[in-house]
Amino acid sequence: RMLLLVLVGVLLVITAEARIGSSSELDFNVDTEQTLLFDVICKTDKYEVRSYDSEKWVSTEASSFSMEIASITAFRRLFKYIAGANEEGKKVEMTAPVLMEMEDVDRPFWETVVYPMSFLLPAEHQEKPPKPTDSNVKLRTFPKMNVYVLSYGGWMTSLNERSKAKALSKALDDAGAKYIKGKHYAAGYNSPMTLFNRHNEVWYVVEGDPVCASSGSSSSEETDATPVS
């Protein structure tokens, strides 16, 4: 019985780490060795639906009237954590993607907005991550979730990111898909030093059953998501 419990424990650890793996498993450019892996549920010509397992992240928040300024502040704070600003003084490997939570609200350009940013913790630190020493940095567990994803290249600027989010939102509304409205995730996979072949994404969290509508279909022609092999 003890052996069985040990085997079950090992299996649980392996399962917890199974969706963080080599970036070479993805078919787009990633600048880190480890990345958040996913299962593709279905695709259309407008978006794809992915399934993500629950994983641990390290997060912080920065306030600014500009996403660009807030991202610099938040990134530096999180980078200090992975560089050793934690209770164990450990260096933590950089992973991808970097996530920012974005509000879908039109505001005056001078109004300050809070931008949460998160770094994915690598597989070896998922079970017991080192605690941050900065009170503005927190460990966080994201739940298992399905997300609607739109991918795009180039640089993630405020205008570009917002335009892509609106495009995805419209595609989902046209398809009759249900999703959490009012906010989305902006995912970046590349270092600022990478000038070409960059990869970014917009995520909306699925509510209910995922929907993949065929290209050009009306809401009455939409079909439920089917697995992609």
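This report describes the sheet, the helices, the disulfide and the packed interior of a predicted model.

Local features are given only where pLDDT is at least 70 and side-chain atom pairs only at pLDDT 80 or more, while totals for chains, interfaces and linings use all residues. Residues are numbered from 1 along each chain as its sequence is written, and side-chain values rest on heavy atoms, with hydrogens and water left out.

## Sheet and helices

Helices (H or I, at least four residues) and strands (E, at least two) are DSSP runs numbered from the N terminus, and two strands are taken to pair if DSSP finds at least two bridges between them. On that basis, nine strands form an open sheet in the order 3-4-10-12-11-7-8-5-9, with antiparallel pairing. Strand 3 and strand 9 (138-142) stand at the edges with a single partner strand each, so one side of each is left without a neighbour in the sheet. Neighbouring strands of this sheet are turned by 35° against each other on average, direction ignored; axes here are lines fitted to C-alpha atoms, for helices over the stretch in contact, and angles run from 0 to 180 degrees between N-to-C directions. As general background, strands of a sheet pair through backbone hydrogen bonds, either parallel or antiparallel.

Three of the antiparallel pairings are set out below, each with one pair of facing residues.

| Strand pair | Bridges | Facing residues |
|---|---|---|
| Strand 5 (residues 55-64) and strand 8 | Eight | Ser 59 and Ser 118 |
| Strand 7 (residues 98-103) and strand 8 | Three | Leu 99 and Ser 118 |
| Strand 10 (residues 145-152) and strand 12 (residues 200-205) | Six | Tyr 148 and Tyr 204 |

Ser 118 of strand 8 thus stands opposite Ser 59 and is also the bridge partner of Leu 99. Seven of the eight residues of strand 8 (residues 113-120) are buried (under 20% relative accessible area with a 1.4 Å probe and protein chains only; over 50% is exposed, and partly exposed lies in between), so strand 8 is largely enclosed by the rest of the structure.

Tyr 115 lies in strand 8 and is itself buried, with a relative accessible area of 10%. Its C-alpha atom is separated by 8.5 Å from that of Thr 60, although the two residues are 55 residues apart along the chain. Leaving aside neighbours within four places in sequence, Tyr 115 is in contact (heavy atoms within 4.5 Å) with residues including Thr 60, Glu 61, Met 67, Ala 70 and Met 100.

Two helices lie across this sheet's strands. Helix 2 (residues 67-82) lies across strand 5, strand 7, strand 8 and strand 9, running at about 140° to strand 5. Helix 3 (residues 158-175) lies across strand 7, strand 10, strand 11 (183-188) and strand 12, and runs at about 125° to strand 10.

## The disulfide

The structure holds one disulfide (a pair of cysteine sulfur atoms within 2.5 Å), which joins Cys 42 to Cys 212 with an S to S distance of 1.9 Å. This pair links distant parts of the chain, since Cys 42 belongs to strand 3 (residues 39-43) and Cys 212 to strand 13 (residues 211-212), 170 residues apart. The torsion about the S-S bond is about 80°, so the disulfide is right-handed. Cys 42 counts as buried at 3% relative accessibility, and Cys 212 counts as buried at 6%.

## Nonpolar cores and aromatic pairs

A nonpolar core is a set of buried Ala, Val, Leu, Ile, Met, Phe, Trp, Tyr and Cys residues joined through side-chain atoms within 4.5 Å. Of the 40 residues in the largest such core, Tyr 47, Val 49, Tyr 148, Leu 172 and Tyr 204 touch the most other members, and helix 2 gives the most to this core, with six residues. Apart from this core lies another, of 22 residues, among them Leu 37, Leu 120, Val 147 and Val 149. Beyond its neighbours within four places in sequence, Val 49 is in contact with residues that include Cys 42, Tyr 148 and Cys 212.

Rings of Phe, Tyr and Trp (its six-membered ring) pair if their centres lie within 6.5 Å, planes under 30 degrees apart counting as stacked, over 60 as edge-to-face and the rest as tilted. By this rule the count comes to ten aromatic pairs. In one of them, which is edge-to-face, Tyr 179 and Tyr 204 lie 5.0 Å apart centre to centre with 65° between the planes. Tyr 179 sits in the loop between helix 3 and strand 11, whereas Tyr 204 is in strand 12, 25 residues apart. Tyr 179 is buried, with a relative accessible area of 4%, and Tyr 204 is buried at 2%. Phe 38, Tyr 52, Trp 57, Phe 142, Tyr 185 and Trp 203 form one aromatic cluster.
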